[in-house]
Amino acid sequence: MNQFIQMFKPKTKAQTTTLFAWALISPAAIYMLLIVVWPLVETFRLSFTNSNIGTLIEGYDYIGWANYEKVLGGRKFPAIVNRTFYWMFLSVGLKMILGLIGATLLASNIRARGVIRALVMPPWIIPIAIGCFGWLWLYNGHFGLLSNFIEMVGITDGPFSFLAYKKSAFYSAVVTDVWIGTPMVTLFFLAAMQGVPRDLYEAAYVDGASRWYRFRRITMPQIMPTVITMALLSAIWTFNSFEIIWILTEGGPRGATTTLIIDTFKTAIFSYKFGAGATRAVLVVLILSVFSLIYLAVLGRVSKKFGYAGVVK
Amino acid sequence: MMDKYSLPHKILIYFSIALFLTFMLLPFVEMFMASLRPLTHLFHRPKLELGETIGFADFISRFWSKDFSFQAYSDIWVTVPQLPRYIFNSVFLATAVTIFSLILVIPAAYAYARFNFRGKSVSLTLFLAVNMFSGAVLLIPLYKLLRMYGMLNTYWAMIIPGVAFLVPTGIWLLKSFMEKIPYELEEASFVDGASRLYTLRRVILPLAVPGLVVVGVAIFIGAYAQQFLFAITFNQDRDYMPLPAGIFEFIGYQDVLWNEMMAASLVGILPVLLIFMFMQKHLIAGLTHGAVKQ
């Protein structure tokens, strides 16, 4: 026993440091192993079973790849994957564009900058669910502001329920998602813009460069790392977006807003098909892992090229 | 000179800002307006002839009419007797999540900020990888885990998964704060014969208080914001429901009392808005720290 303990006793200063550091990290690490890693492994295992509400009592069976064959061979699945990616690209693209515009405006030399910056933040800091309740009312067909407004200006000739039709429900959800995501993107872009050394602009100004030219040739390259990292992080979060769609449409009408996450939730929690739900969750995790690898690779590149790593959440 | 704008330029900038702010604030303005309008006003559509559409006056009446009142703000406590409880739950859950997160975050952030050790970058990357996942992919096993320990329909059902998704961000944020504390202070403490733990407790932590406050507030706001998915999946008990889940139930009713619902929503976001207002400057500086070239 004594020998055993001796074996683990640190011998060098580096070992002592490693041991102490890990002792400090271990509470957080163990917690994550229990609450995140173990459930992930469990999800993977469950995805090969027929576990559902009916098998809770007598126990479930392993059914091999049957769940995967069913999901991947399903008629609806390709459409759901396409929709998820469309949702992600559209929403992230809009967030980036609005974020750049917003940050440029806030970085300009105007009055009450601090106040305006603070006014942009609320959609980000309040609970997503509560913001969605507000949008739910805005999208209301008979009495909502948007419907009444487009009726008044003559775009429609009567009430229009934004969330009742496939296309409009999808784009309405995108608008809400953009609304929630834009403040953070704006804030980070603004911080990056304010970090650009002023003498660069001054030198360009003296040489007669126009504003647009300065933006294109100084601002954009300088904040590129932040733009890239924000785009990737935003992509991951938008892909994962659950509350917005669930509160606005619950994935409807007729599946028009069902993304992978919504499909997973519906299958697992609403239909109690734990095995089939776990299969979808595994597929989501696989896609996200690919994103994460891209993210890490890009992050490595970016930090090599620009000397720092942009942002992490 | 460089920062001067010509008049058309100025107009364009202020106009764009107005548009941008309208988009960001419109839902709040409309929520507030709806909360002021009595139901008869809220669900009123002018009688229109065939082919006629809503006029300007009708449209404007949604922003100002004589029968506006704060009635909904007092009715709401009667319609939803559990409302105080929901608000308490929300604040309580966010506070608990913040405390538990900080307990896990502080030592880990210190280790990452101060020491070079084996497995440092790999483990930090793995922590951050958790941010990539949505809680939605872990629901099934978490449900089983919580049921196994009898934690479904308790506060724990929302605290335990909530903490897991805030720890990585917390570590990252606090790490960058701790890196700014000069290392000489610790060296001095070591030279005086203090142990590592004593140094962490007596030298580092007091100096890290401003950072701790910012990270704590950031976690609190995050915890307050994420109270939906876990709440609707792991908890059916109204006694433990946080506000968003409570109001969501409200939407399921036959006739949604939109004015009261909006009033409840606005009351519910007051705590975070107040905290944000006071902490705004520090929070933004702390969060965007990584985006600024050093």
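This report walks through a predicted model, from the fold of chain A to its contact with chain B and two local details.

## Chain A as a whole

Let's start with the overall picture. Chain A is built with 15 helices and zero strands. Its C-alpha trace spans about 75 × 65 × 30 Å along the principal axes. For a compact globule of 313 residues you would expect a radius of gyration near 20 Å, but chain A has 25 Å.

Inside the chain, buried residues account for 43% of the 313 residues. Taking the contacts in chain A between residues at least 6 apart in sequence, 66% link residues at least 24 apart.

## Where chains A and B meet

The contact between the chains draws on 87 residues from chain A and 87 residues from chain B. On the side of chain A that touches chain B, the largest share comes from helix α2 (residues 13-46) of chain A, with 18 residues. Sorted by class, that side of chain A has 63 nonpolar, 18 polar and six charged residues.

## A:F274 and a partner across the chains

A good residue to click on is A:F274, which is found in helix α15 (residues 274-306) of chain A. Is A:F274 buried or exposed? It is buried, because 28 other C-beta atoms lie within 10 Å, and the cut-off for burial is 20 or more.

Leaving aside neighbours within four places in sequence, A:F274 is in contact with A:L46, A:S51, A:N52 and A:A268, and also with B:I140. That partner in chain B belongs to helix α7 (residues 139-148) of chain B, where B:L139, B:I140, B:P141, B:L142 and B:L146 are buried. Just after α7(B), B:G150 takes a positive phi of about 65°. As for A:P27, its C-alpha atom is separated by 30 Å from that of A:F274, and the two residues are 247 apart along the chain.

## A helix pair in chain B

Now turn to helix α9 (residues 167-178) and helix α12 (residues 209-225), both of chain B, whose axes come within 9 Å and cross at roughly 165°. Because that angle is over 145 degrees, α9(B) is roughly antiparallel to α12(B). The crossing of α9(B) past α12(B) is right-handed.

Which residues make the contact? From α9(B) come B:T169, B:G170, B:L173, B:L174, B:F177 and B:M178, while α12(B) provides B:G211, B:V215, B:A218, B:I219 and B:G222. By class, this contact has seven nonpolar and four polar residues, with no charged residues.

Note on methods
Residues are numbered from 1 along each chain as its sequence is written. Chains are lettered from A and ligands numbered from 1 in the order in which they are written. This is a predicted model: local features need pLDDT of at least 70, side-chain atom pairs count only at pLDDT 80 or more; totals for chains, interfaces and linings use all residues. Two residues are in contact if their C-beta atoms, placed from the backbone, lie within 7 Å. Helices (H or I, at least four residues) and strands (E, at least two) are DSSP runs, numbered from the N terminus. Ala, Val, Leu, Ile, Met, Phe, Trp, Tyr, Cys and Pro count as nonpolar, Asp, Glu, Lys and Arg as charged, and the others, Gly among them, as polar. A residue is buried if 20 or more other C-beta atoms lie within 10 Å of its own, exposed if 12 or fewer, and partly exposed in between; C-beta atoms are placed from the backbone. The radius of gyration is taken over C-alpha atoms; the globule rule is 2.2 Å times the number of residues to the power 0.38. Axes are lines fitted to C-alpha atoms, for helices over the stretch in contact, and angles run from 0 to 180 degrees between N-to-C directions. Angles under 35 degrees count as roughly parallel, over 145 as roughly antiparallel, 65 to 115 as roughly perpendicular and the rest as oblique. A crossing is left-handed if the near helix is turned anticlockwise from the far one by less than a right angle, and right-handed if clockwise.
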